[in-house]
Amino acid sequence: MAKADYFARPFPLSLRLMPKVFLKTYGCQMNERDSEQVAQMFVERGFTLAPAADDADVILLNTCSVRDQAEQKALGTMGQMGRFRQKRPHLVYGFMGCMAQSRGADLLKEVPHLDLVAGTQKYHRVVDHVEEIIRKKEESQMDDLRVSIVDIEEETESQNTIRDHLDKDYGVSEFVSIMQGCNMKCTFCIVPYTRGEERGRPIPEIVEECRRLVDHGVKEVTLLGQIVNLYGRHEFPRVDDKSPFVQLLEAVHEIDGIDRIRFTSPHPIGYKDDLIEAFTYLPKLVDHVHFPMQSGSDRILRLMHRPYKSEKFVEICEKMKAARPGIAISTDIIVGFPGETEEDYQETKKVVERLQFSNAFVFRYSQRKDTPAAEMEGQLTERVKEERNQDLLALVNEIAVKQNTAMVGTRQEVLCEGPSRYNVERLSGRTRTNRIVIFEGNAERHAGQLLDVDITETTGHTLYGDLVIAE
Ligand code: SF4
């Protein structure tokens, strides 16, 4: 739009007018958490959050690179959202997160209306960049001026910038990022290239963040890291033969008001006896661990660059079951990895049968550009991958249904999260083993409470029960 059009009215995109920001997040819980931090930073600077993109002055997509499909989705959405500029030429568009990190300035060529590319170590700079773009447009009085900023350099201490939560209605359960990055270099994974080296936040800062969450009524925290149990191994010493992660668990456990502690996701490397032992003396640790196995075949694990044997994985799980009887272990499994034979796949199935996971996220291997596995020989056809996927899912479901059915007639401690998503007349909560329970109750009185619920029935995946009313 030409300069002359503006003489009679205020510039449509001005920092004085509380611009509205729309944020959309793809991918994992860490991305969710990063987006929340960015949203809070915008609010602190006087922006408001827009519930929909067509109502926004700034559109930001926080991207995921784990699968090609996730990148294509974000690119497609950004492409479609370009049409909003016809009516509102002042709109600012930006990509953040993993795809921004891995593709960098190339994104500016791919998406002609894009203004900002901010990598995974730059979340705390996004507001500055958006303000700079707005200021330049305002100064030029040309709202369709393209101001391109690409910021994807490494930045030390960036792990310490994900610490604020939105001023919002807090849930009962919140995520806390304790580290960034991963050094493990699994051959199927893009994370080490998009999130950089492992960097842990200091324990006192994490504890402080958890305390602030308790002040807002939060009862459960989930500690997040790409390889959460290896937290702090490069920065902090072992004390009394305990890893920094176990020291952190102990410190969070001390906080009055926190009823439950979860963490995700651990790696078998570094899942040592001190962590297993922690389940015997830290009761706030829930009776559930999400523990990615990826494959039950040693040959495939080697190709995946997962440096443990299947037997070792099983041994850790058995020790966990001994340390915390009744613990539920869920996992991630990739089927159809390059070179996976029928025998390899059967090895995986055998471990699933042996360990009886409470749940398993089964992924069909998909070639991820710029990862070593994408170049490996022996890529399997989609048909074989799909067959194994369906076959394993059937087994996983069968186990889950069996376990849930066995819970009918038992009494469970449930942390009530509030009205059920699918039926607001009822309440929803989670058992200590992370199973969802639906029951009748009073949202105002029961949300955020630990309650006893008698399990009366199950549909296979969801449990239903009756609230136990204290005498
Ligand atoms: S442990 Fe492996 S799968 Fe997990 S983030 Fe690191 S490289 Fe990726």
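Me: Domain bounds come from an automatic or database domain assignment. Which domains does the protein get?

Reply: The assignment gives domain 1 (3-151), domain 2 (169-286), domain 3 (297-407) and domain 4 (411-467). This is a predicted model: local features need pLDDT of at least 70, side-chain atom pairs count only at pLDDT 80 or more, and totals for chains, interfaces and linings use all residues. Residues are numbered from 1 along each chain as its sequence is written.

Me: How many Å lie between the C-alpha centres of domain 1 and domain 3?

Reply: Those two centres are 38 Å apart.

Me: OK, the open sheet of 6 strands. What's the strand order?

Reply: The order is 2-1-3-4-5-6, with parallel pairing. Strand 2 (48-49) and strand 6 are the edge strands, and each pairs on one side only. Strands (E, at least two residues) and helices (H or I, at least four) are DSSP runs, numbered from the N terminus. Two strands pair if DSSP finds at least two bridges between them.

Me: What packs on that sheet?

Reply: Helix 1 (residues 29-44) does, touching strand 1 (20-25), strand 2, strand 3 (58-63) and strand 4. Contact means C-beta atoms, placed from the backbone, within 7 Å. The direction of helix 1 makes about 175° with that of strand 1. Angles run from 0 to 180 degrees between N-to-C directions, and axes are lines fitted to C-alpha atoms, for helices over the stretch in contact.

Me: And helix 2, which strands does it lie across?

Reply: Helix 2 (residues 68-81) lies across strand 3 and strand 4. Helix 2 runs at about 170° to strand 3.

Me: How many bridges join strand 4 to strand 5?

Reply: 3 bridges join strand 4 (residues 92-96) to strand 5 (residues 116-118), and the two run parallel. F95 stands opposite V117 in strand 5.

Me: New topic. What surrounds the ligand?

Reply: C182, M184, K185, C186, C189, V191, P192, Q226, I227 and H267 do. A residue counts as near a molecule if its C-beta atom, placed from the backbone, lies within 6 Å of it.

Me: How does that shell divide into nonpolar, polar and charged?

Reply: There are 7 nonpolar, 2 polar and 1 charged. Ala, Val, Leu, Ile, Met, Phe, Trp, Tyr, Cys and Pro count as nonpolar, Asp, Glu, Lys and Arg as charged, and the others, Gly among them, as polar.

Me: How many Å separate C189 from I134, C-alpha to C-alpha?

Reply: They are separated by 36 Å, with their positions 55 residues apart along the chain. I134 is in helix 6 (residues 126-140).

Me: Is I134 buried or exposed?

Reply: I134 is buried, because 24 other C-beta atoms lie within 10 Å. The cut-offs: 20 or more other C-beta atoms within 10 Å of its own is buried, 12 or fewer is exposed, in between is partly exposed, with C-beta atoms placed from the backbone.

Me: What about E157, buried or exposed?

Reply: E157 is exposed, with 10 other C-beta atoms within 10 Å. E157 sits in the loop between strand 6 (149-151) and strand 7 (173-177).

Me: Any odd backbone? Which peptide bond is cis?

Reply: The bond from T264 to S265 is cis, with omega near -5°. S265 lies in the loop between strand 11 (260-264) and helix 10 (273-281).

Me: What are the phi values of D240 and Q294?

Reply: Phi is about 50° for D240, positive although D240 is not a glycine. Phi of Q294 is near 75°, also positive in a residue other than glycine.

Me: Which loops hold D240 and Q294?

Reply: D240 is in the loop between strand 10 (220-224) and helix 9 (244-253). Q294 is in the loop between strand 12 and helix 11 (298-303). D240 counts as exposed, with 7 C-beta neighbours inside 10 Å. Q294 counts as buried, with 23.

Me: How many residues of strand 13 are buried?

Reply: 7 of its 8 residues are, in strand 13 (residues 328-335). Strand 13 pairs in the parallel sense with strand 12 (residues 288-290) over 3 bridges, and with strand 14 (residues 359-364) over 6 bridges. H288 stands opposite A328, and I333 opposite V362.

Me: Last one. Which strands close into a barrel?

Reply: 5 strands do, in the order 15-16-17-19-18, with mixed pairing. Neighbouring strands are turned by 50° against each other on average, direction ignored. Strand 15 (residues 411-419) and strand 18 (residues 450-458) pair in the antiparallel sense over 5 bridges. Q412 stands opposite V453. Helix 14 (residues 382-407) lies across strand 18 and strand 19 (463-467), at about 115° to strand 18.

Terms used. Two residues are in contact if their C-beta atoms, placed from the backbone, lie within 7 Å.
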